Structure formats: structure tokens, C-alpha cells
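Reader: I would like a close look at one part of this model. Please start from the core and work outward.

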Amino acid sequence: MTYIRPNFRHPALPRNELGYTRRDYEGALSTLCAGCGHDSVSGAIIQACFELAIPPHRVGKLSGIGCSSKTPTYFLGRSHGFNTVHGRMPSVATGAALANRELVYIGVSGDGDTASIGLGQFAHVIRRNLDMLYIVENNGCYGLTKGQDSATADVGSASKKGVPNPYPPIDLCAMALDLGATFVARSFSGDKRQLVPLIKAGIAHRGFAFIDVISPCVTFNNTPQSTKSYDYVREHLASTGTLDFVPVRQEITADYEAGYTEEVTLHDGSVIHLYKEPDLDVHDRHAALRAIREHKEAGRILTGLLYVDPDSADLHEVLQTVKTPLRDLTAKELCPGSRALDAINASKR
Amino acid sequence: MKPTDIRDPEFFHRVIDCQYACPAHTPVPEYIRLIAQGRYDEAYLINWESNVFPGVLGRTCDRPCEPACRRGRVDEEPVAICRLKRVAADYRNEERIRARLPKAHRRKNGKKVALVGAGPASLTVARDLAPLGYELHLFDDQAKAGGFMRSQIPAFRLPEEVLDTEVGYILELGVVTHFKRYVESLRELLEADYDAIFVGTGAPRGRDLKNLPGRKEADPYVHIGIEWLASVAFGHVESIAKRVIVLGGGNTAMDCCRTARRLGGEDVKVIVRSPFAEMKASPWEKEDAMNEGIPIIDNHVPKEFVVENGRLVGMRFEKVRAVYDDEGRRSLVPTGEPPAFYPCDEVIIAIGQENAFPWIERDVGVVFDKWGLPVLDKETFQSTNPKVFFGGDAAFGPANIITAVAHGHQAAISIHLFLSGRSVHDRPPPQVNLVSQKMGIHEWSYDNEVDDDDRYRVPHADLEVALRDRRVEVELGFDPATAYREAERCLNCDVQTVFTAERCIECDACVDICPTDCINFVEDEEDEAALRKKLRAPADNLDQPLYVGGPLKTGRIMVKDENVCLHCGLCAERCPTAAWDMQKFLYNVTKAAPLCSL
């Protein structure tokens, strides 16, 4: 019996600008079921952070409760982490981001943690446009409690128990668009080629970036009657097109395929190259909602980047928060003294 | 790319680097696991069946397996395979081994085979054929069997009783021995009633420096390495002068200089033409010599034996440096410095050896090529006279013991086929077995945990004690506890990752978990070079195969670069559909006869 991962690595692994290999972004060995989509999402996050050359200690990873929310243990083992109460990751993330805006915040949640118990918090973190990447690992069931249908399960979809789900699903992407999210995408855990650039773009995006990743539950919801099984998702996948993420400090070289149809420059100067139908507009919230609905009616799952607004005002900008992390503020700045208080009071008279 | 055909036994055989590199293809990981389990008898018998002289080879083998060992590509040093072999020999139970060895066949089959030269090749032929009922006649000019294993390898590396025991296992199978009998004529043997003749006479002639100035005058003080070592082994030479120069850079030179140290040589030097790094001697043998206070002086070409008043007083050398042309060919160019003079009392020349067949008449149907080697079929070892077979150094020139053993196995098969009236080209396929090791979700019937330990050193006898007596063995061998730790370093490369494309759901679990980034799911490519460029980690070791499976449902293929796979089984543990399974692949070169029950 072993849960031990060998310490040997490929002797010629590529290194990023910081001199780290992909293996420096790994976490502990996963205890999820063999074949769980969530492990692939962890793999994609590792790959994205490696490629972006983010110093691991500059990342805050947050989660709630559930199989998905266990995964931050399995990536970025040298980053900061916080497992919150069920469904309450957004409020802890908000607090963390306000206290120290210098970290990259990655939230990982599940369909139960986000669409059921955490729906209220989810709605408000979108409204506030908190600068973070929020990933939902969406498998349409409660895997940790033996596979009951979740709020994102499609009508008629049946898990291992075999009983079709009678309730209409919550479409988290549509909801995020409705509530004003500034970066919305959907992907599939089995398609790292799409998922990795989306995660990179989501991290670079200023404001709330949301990626709904369909991530099959091999144990309870990978049945022929399920609409969130590996086979069903692969057969019904539609895409807004592929994309490349070009970080700001990287010279654009021949590594990237030519022929992109649109270029989106993000707030930090990095660029997304989109290879898509020219008539699809990723800056039109209504068009995105319409496209999701139309594909759903046609029995297809639309993936890819759905909407992006690179120039929105995030929560820090709205609140005009101080740029310095709170821990770096001294007593002098935090308690400026009675003269400063008098001045504030005087300004209100 | 075509999916890999794993029904071809050579694919998985190639993945077991050590076994593949071994001329006799000994199933190395299999016996290392048995050593870890303390089952030394079984480990010994696996070796004995495959390489005939485990105790000898565990001390003296050239170890082609170790540079090939996969561990050496992920860790600093390979597994100490050779010295683990010795562990199996050291801790075996002699009584139980003897009970399990084959017995001489009670009824002879009426066929007589002559074996000329009693070295490892002939002895292997004898062992393989004896259980089939052949009447075997072994000829050698020495008083005991063993050939160069006895005459060339000094006792401080190979104690005589180790050799005697393992040679004894073979002679006790009913081999008729004709010792102290130099065969002077192949024609005579052919005219006698032998049905087949095997020639395993080695490469018995040591090279000399005949044309070097002063050679003739210095003759009483100059020895040919292999002849001198034989004289020491048989007790004809018991001392040497204080100042000795050994010429040559191979393992024989190392044996000569170390023996000289034990026979009274105080100032013993090895002087070699080539740069130190390119010497033919195994690195560990050079190291052992230097540890005994013997300097190795490289880039010196011998120019003259300096004799004064009839006595050798030293040698003159030209200093050179190695220059390489565009194709990497080396030439030694004089540096132009004045010649170097090294004083000495005696010189041992160990600069290589040659084949010689003065006893084979050139008109008995055995054709020789322009280098004086017999013209042979490379697979069957049959000469142009169908009754005459060759093996060992006598076949293709000087090599080593394990190569001689491998030749012996194949020659024995040829002789058996030939004397059974079948085509010698009708070679038996290898015996293979592929069995799942799965015991539970995280449980395998092999120890799949990869140890981080560095290679363990074999303890040596105290230098002062060792130098006093040439019979004191220098290497003491691993104790069982250290042997266990060293055995645990083996990666179990014979436990194969077997992929069943039909079961794969492309969930990527194996890709994510693989510690060494071996596994890829990619779009297919026409040729391997293009495919190698697309993989997650650099796949530039072209000696290592790609394992291709599929096409899969998405049209992609699975590509596994076997190069640095740790055989840890995590891909199979993480696979939800058992598309990956860990299966032990046992590959045994078929011998002329089934030998012992394992």
C-alpha cells in the first residue's frame, strides 16, 4: 500500500523565469478518487502558475467544503491556503484581498459549495468585482456525501443511483453574467489545452474572473445517463474557439500560432489571442447569455471564453483602498492622531 | 504512429535496461527482489541458470548492466547489480542449492561432443548439454578447469574456492575431463568419433612490444601480462622486483599492477598511452588500483627499454596528447616535450591479447577471415565446418566472461539442434510471462515505493592486510542488511506499465500523477521524431522506446516515453478504469535444456 509519491523527477524538466520547474508548484498527493476531474483541474492550475512564473509564496488559495474544496492541498504546496466554512469562501477571500492586495487569489469551489449553500456569497462576490480567480469544479453531484444530485445537475440527468433529476439546473456562467461578472468562461477538466490559458487569463484579469469547469465525478456521476460524464461532455462539447494567453513580459515569438481573429489586452498589459468565429463578440454580455442559452437548447455545452471586460473597476478601485498591505502599515499610519481626527470631523460639519 | 505491439517480447525486454544490456540477459530485477526478500537460494538459481557463474561474476563481471541501469538516469549512480549478485552467492545454502541442481543424465543419448578449452564458454556448453544425455569430453592444457577465470583473475579478486565450487557444479554433471592435455590438431579430433566439436580456447596470446628498442636485451626483466598472471596463479612466480612498470590501460593491466604490489613491488606504476578517461579498464578497477598506492600515468607512449650492463634500468616514454578529428577519431600527437624516463627493475606488458589457432589445420573446412578469426554464423556460432562450433573469446575476439557464457548458451542450442537433425537456424523463442501485480487499490505484489538511498559502498579489507597476501580477498561483499538497502534501490523495471486503449476515458489522471512526466495524450504524428517533440518532458534519449497506445475516443494517442519511468505504479493506482496495469514481465533466454526447478 502506498500513498507515497517518489521524489525523483524528470532530469530535464523545463524551468520558468524564476528557475522553478512545474514540480515546484505541486502540492501533496491527492486523496480524491482515481480519475477525478478535480485532479486534472489541479494539474491545470499547476501548469498555469508555472507558465506565468508566479512566485508560489505570492498566491493565496481559498476554498470551502467538498471534494473540490479539498484540492488546494494538492497544488501549490508552497502557497498560502485557507479552507473556509462551507460556502463562505468568498467572504474570507474578500477579507484577505482587502488586507493584502499584493497576492494572487485563487478560489476553488464546487457546485454544492457555490450553487447551493454558498449561492448568496457567490452572488455578492460577483457584484463587488473582487480581484480574484474563482473556479467551480462542477460535477453535478455531491460526491463527498455519496453522490446526491446537486443544483447544477440537468433535468433528466441520472447519477449512479439511476433516478433522473427532476429540478432545473442553475447555470453558474449565466448567473455570473447576469450579476455583472467581468470575466466569464466555461471549460472541461479533460481539456487542458483550453483550460490552462483560461486560468492564466483569469489570473491576469483585474476583477472577478469566473471559470465553470465541468469536472466529472468518476465514482458517482460518470454514468451513461449523466450529462456530466466524460463521454457525454466530450460528445456534446461546443467551443467559442481556442485561445492563447500572452503574458505581458513575454516577447511575442513564433511560439504562438498565427491567425487569431481577435486580441484582447488585459489591464496589466497581457494579451489574449482568440481564435474564434468573427461574429462572436466576447465583449457583449447579452450575446454571451444568448449563446449559452442557444447551445443549451441545441443540447450542447458551450465552452471557452464567454465574456470579458478588461477595464472594469474592481473592489479596490471602488473602495479606494490603500495600496499597501495592512500588515505593512505602521501605528503612525493607522492612528494618525487627534489632529487628523479633528480634520476629518471638521470636513463633515 | 502505429500502436506499440506489446506481444513482441522484445519491446518490454528493452524496457528492462539491465537485462537487455546483459549479454546473457539475466533477469536482474527478478533476482534483486528475491535478495530483498532474503531468498538467496532462488536468487542464486536464477543467476546460475542464466549466467552459470554467479559467485565468479558477482566479483568479476564487466557489468554492462550497470551503465544501462535506469536508476543512473534519475539518480546519481546505478544499482550495484554486480555486488548484489555476489550477495546471492555468498548467502546461499550450499546443501539446498545442490539438491536443486540438475543431475547427470542417467541414460546417455549416444552422441559425443568434444569441448576444447575449459573456460567459461566450454563450461557453459557442457552444463547446457549434460542434462540432455550428451557424452561430453572437456580438454584443457591446465590441471584444472576455469580457463582465464583461473589464470587471469587474481585470487584477491576471486578466491579459488569460489571458482572451484562453481566449476564443480558443471564437472559433476558427468563431464569427462582431459586436463593437462593440449589439443594439437583439430583434424585428429575430427577423425575421432566426436559428433560435434566446440572450440572455446579464448584469446591466449598476449601482445608484445617486439620492435621497441632494447626489448631483446631487456627480455629477462620483461613479462607478458596474461602469461605472468597465469604463472602467479599456478604458483610458478612468487615475487617481483621493487620497482615495476605496468604498460597498458585495460583490466589486465590493473590486475597485473595490483598483483605486483602483493609480490614485493613497492614502487609500481601503470603507464598508458591514452588519456586516463579513455582507458579500457573499468572505472572501479582503476579506482581499486589507485587506492593501493599505484599511480596511473597517462598520455605516455613507450619508446625504449633502457638497459645498462645487461640490466634493465628503466623505460623512456614520449609524451603525447589526444587530438580528435571531425568524426571523433583519436590520434595521439607528441607534445614535443623531452622524453620522460622512469626507472624500473621489471616491466609487465599488458596491452591486449590476440586470438591464435595454431592447432587448427587450415584444410579441415574451418575458414578464417583476414584477422585470423573463424568465419562464423553470428547467431548459431557454427563455423564453415558444420561439425565445429566456436564461442567465447575464440569466436569474435577478446570480450569478457559474461559474453563467453552467452555464446556458450547459443552454441549449445546449435549443437543440440544439429545433432537432433534439425536446422540450427530453428532457434527457440524466449520464454516470457506477463502477469498483473495488482492486489488491491493501492497494493501491488512488488514493493513499488521508490527509495531515495544513494548507492552503498562495498567494504574493503584493510589495505595493509590485503597487500601482504595475494590470496586475501579485497572486497568483503555486502552484509545482508546493506544488501537489502541496496536491493531496495532497484526500480523494478520488469514490472511493466501495460496500457489498454479500449478502457481509457482520457481523464488525465495518469498524466497528472506521473512523477517523471512520462505519459502524454497527444494528437498523432506520422513519425517518431515529430512525436517526441510534442511530449511534456524532453524525450531526447533515442535509445529508449516510446510506448504508443490508441487511437483513443478523441482521436488522440497515448504516448509514454519509457526513458525515466520509475515503475512506481502511480499511473495504475490513479487510473479509474484499469486502463493502466502493472504487469511483471519475465523474459528468459531459452537454453538447450530445462535446468532447474525455480
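Which residues touch the most other members of the largest nonpolar core?

Author: This is a predicted model, so local features need pLDDT of at least 70, side-chain atom pairs count only at pLDDT 80 or more, and totals for chains, interfaces and linings use all residues. Residues are numbered from 1 along each chain as its sequence is written, while chains are lettered from A and ligands numbered from 1 in the order in which they are written.

The answer is A:V184, B:I35 and B:F198. The largest nonpolar core holds 215 residues. Such a core is a set of buried Ala, Val, Leu, Ile, Met, Phe, Trp, Tyr and Cys residues joined through C-beta atoms within 7 Å. Buried means that 20 or more other C-beta atoms lie within 10 Å of a residue's own; exposed means 12 or fewer, and partly exposed is in between, with C-beta atoms placed from the backbone. Helix α18(B) supplies the largest share of this core, nine residues. Helices (H or I, at least four residues) and strands (E, at least two) are DSSP runs, numbered from the N terminus.

Take A:V184. Beyond its neighbours within four places in sequence, A:V184 is in contact with A:C173, A:A176 and A:L177. The list continues with A:F210, A:A288, A:L306 and A:Y307. Contact means C-beta atoms, placed from the backbone, within 7 Å. There is also a second, separate core of 35 residues. Its members include B:L229, B:V232, B:A233 and B:V347.

Now a helix that packs against α18(B). Helix α4 of chain B covers residues 40-51 and has 12 residues. From first C-alpha to last, α4(B) reaches 16 Å, close to the 16 Å expected. The expected span is 1.5 Å times one less than the number of residues. Helix α4(B) is mostly covered, with 11 of its 12 residues buried. Among them are B:Y40, B:Y44, B:I46 and B:W48. The buried set also includes B:D41, B:N47 and B:E49. Buried residues of α4(B) pack against α3 (28-36), α5 (54-60), α8 (81-90), α9 (94-100) and α18 (401-419) of chain B. Just after α4(B), B:V52 takes a positive phi of about 65 degrees.

Step back to chain B. It has 23 helices and 24 strands. Its radius of gyration, taken over C-alpha atoms, is 26 Å, close to the 25 Å that the globule rule gives for 598 residues, so chain B is as compact as a globular protein of that length. That rule is 2.2 Å times the number of residues to the power 0.38. The C-alpha trace of chain B spans about 90 × 65 × 45 Å along its principal axes. Buried residues account for 48% of chain B.

Chain B is divided into domain 1 (112-204 + 355-419) and domain 2 (206-353). These bounds come from an automatic or database domain assignment. The domain centres, taken over C-alpha atoms, are 31 Å apart. Their contact takes eight residues from domain 1 of chain B and 10 residues from domain 2 of chain B. On the domain 1 side, five are nonpolar, two polar and one charged. Here Ala, Val, Leu, Ile, Met, Phe, Trp, Tyr, Cys and Pro count as nonpolar, Asp, Glu, Lys and Arg as charged, and the others, Gly among them, as polar.

Chain A comes next. Its secondary structure comes to 12 helices and 13 strands. Of its 349 residues, 48% are buried. Among its contacts between residues at least 6 apart in sequence, 71% join residues at least 24 apart. One pair far apart in sequence is A:L98 and A:T321, 223 residues apart along the chain, with C-alpha atoms separated by 7.6 Å. A:L98 lies in helix α3 (residues 89-99) of chain A. A:L98 is partly exposed, with 16 other C-beta atoms within 10 Å.

Last, the two chains together. In all, 25 residues of chain A are in contact with 30 residues of chain B. On the chain A side, α1 (37-52) and α8 (230-235) each supply at least two residues. Helix α1(A) gives the most, with four residues. The chain A side divides into 12 nonpolar, eight polar and five charged residues.

Terms used:
Two residues are in contact if their C-beta atoms, placed from the backbone, lie within 7 Å.
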